[in-house]
Every structure is written in C-alpha cells, then in structure tokens.
Amino acid sequence: MAPSTVAPVSSAFDVLRARYSRRLPARLEDLAGPTQGTVDLPLHVVWSGRRSYALDGTRSRMSLYRTVLAEGQREDLVAVLNRDLLVSQWPVLRTLVSRPLRDAWESAFPQLTAVRAAASA
C-alpha cells in the first residue's frame, strides 16, 4: 500500500488573505481615484443595495472604501480608491474590514501600520 499524501489544509483566514493579496495594487501611489464628487460602483462590485456614494460625507466615503476593499478587483481599487484618502482613513477603516483583508493590506503596505501607530499615539 502506498502512503497517502495529505495536502495541507489552509485556514479560512489564509485563503481569504491570499485572495485579497492577489488584488492589491503594486504601490499605494497607484490608487488614483477621485477625492470629491460622487462615485457609482459597477454591479460586479456591489450587486445589491446602495451603488452611489458621495465622497464629501465621511460615513458615505467609509462605506464606499469598505465595499471596494472587500469586493473590488485590482482595477476597481485603482480606479475608485485614492491613496491620500485611504491613508488618512486607515486607522478607522481598518476596524471596519475583515482581519484577512486588513492583514493583506498592512503586510503589503507598512506605511498603513505607521499611520495607525501615529493615530493611536
């Protein structure tokens, strides 16, 4: 009898973190989305409910960023998210997203954890 080979089982956290990591832009500077006005998300990002977000409202902007971070593909991240807005919102935004998503972004972009540390100091 041949020994059975058992593939290592990945945790749900690892699977989700890998999925989010594949979507990341190469650099935060690639996030060149708008800083004002209204953003209408495509159906592949938000398939039910609210699709239009005003960037001048803090709650609306946080909701937009949370949705795009969780559901958007790399092209959506780059087109919708703005580097400066993401960095400035990160200390609060990171508490609104899943742990795998937060870990993927903070591992790839250490400047996000530096912003978080500065905000809590």
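Which side chain of opposite charge is nearest to aspartate 76, and how far away is it? That would be arginine 23, at 8.0 Å, and aspartate 76 has no salt bridge although it is buried. Here, a salt bridge needs a side-chain nitrogen of Lys or Arg within 4 Å of a carboxyl oxygen of Asp or Glu, and buried means under 20% relative accessible area, with exposed over 50% and partly exposed in between (1.4 Å probe, protein chains only).

This is a predicted model, where local features need pLDDT of at least 70, side-chain atom pairs count only at pLDDT 80 or more, and totals for chains, interfaces and linings use all residues. Residues are numbered from 1 along each chain as its sequence is written, and side-chain values use heavy atoms, leaving out hydrogens and water.

Back to aspartate 76: a polar atom of its side chain lies 2.8 Å from the backbone nitrogen of glutamine 73.

Now for proline 34, which sits in the loop between α1 (12-23) and β1 (38-40). Proline 34 counts as partly exposed because its relative accessibility is 31%. Proline 34 and leucine 55 are 21 residues apart in sequence.

Here are three distances side by side:

| Pair | Distance |
|---|---|
| Aspartate 76 side chain, arginine 23 side chain | 8.0 Å |
| Aspartate 76 side-chain polar atom, glutamine 73 backbone nitrogen | 2.8 Å |
| Proline 34 C-alpha, leucine 55 C-alpha | 8.2 Å |

Lastly, the aromatic rings. A search of the whole structure turns up 1 aromatic pair (ring centres of Phe, Tyr or Trp, the latter by its six-membered ring, within 6.5 Å). Tryptophan 105 and phenylalanine 109 make a tilted pair, 5.5 Å centre to centre with 45° between the planes; planes under 30 degrees apart count as stacked, over 60 as edge-to-face and the rest as tilted. Both tryptophan 105 and phenylalanine 109 are buried.

Definitions and conventions: Lys and Arg count as positive and Asp and Glu as negative; His and the chain ends are not counted. A polar contact is a pair of N or O atoms within 3.5 Å; within protein, one must be able to donate a hydrogen and the other to accept it, and residues adjacent in sequence count only if both atoms are side-chain atoms. Helices (H or I, at least four residues) and strands (E, at least two) are DSSP runs, numbered from the N terminus.
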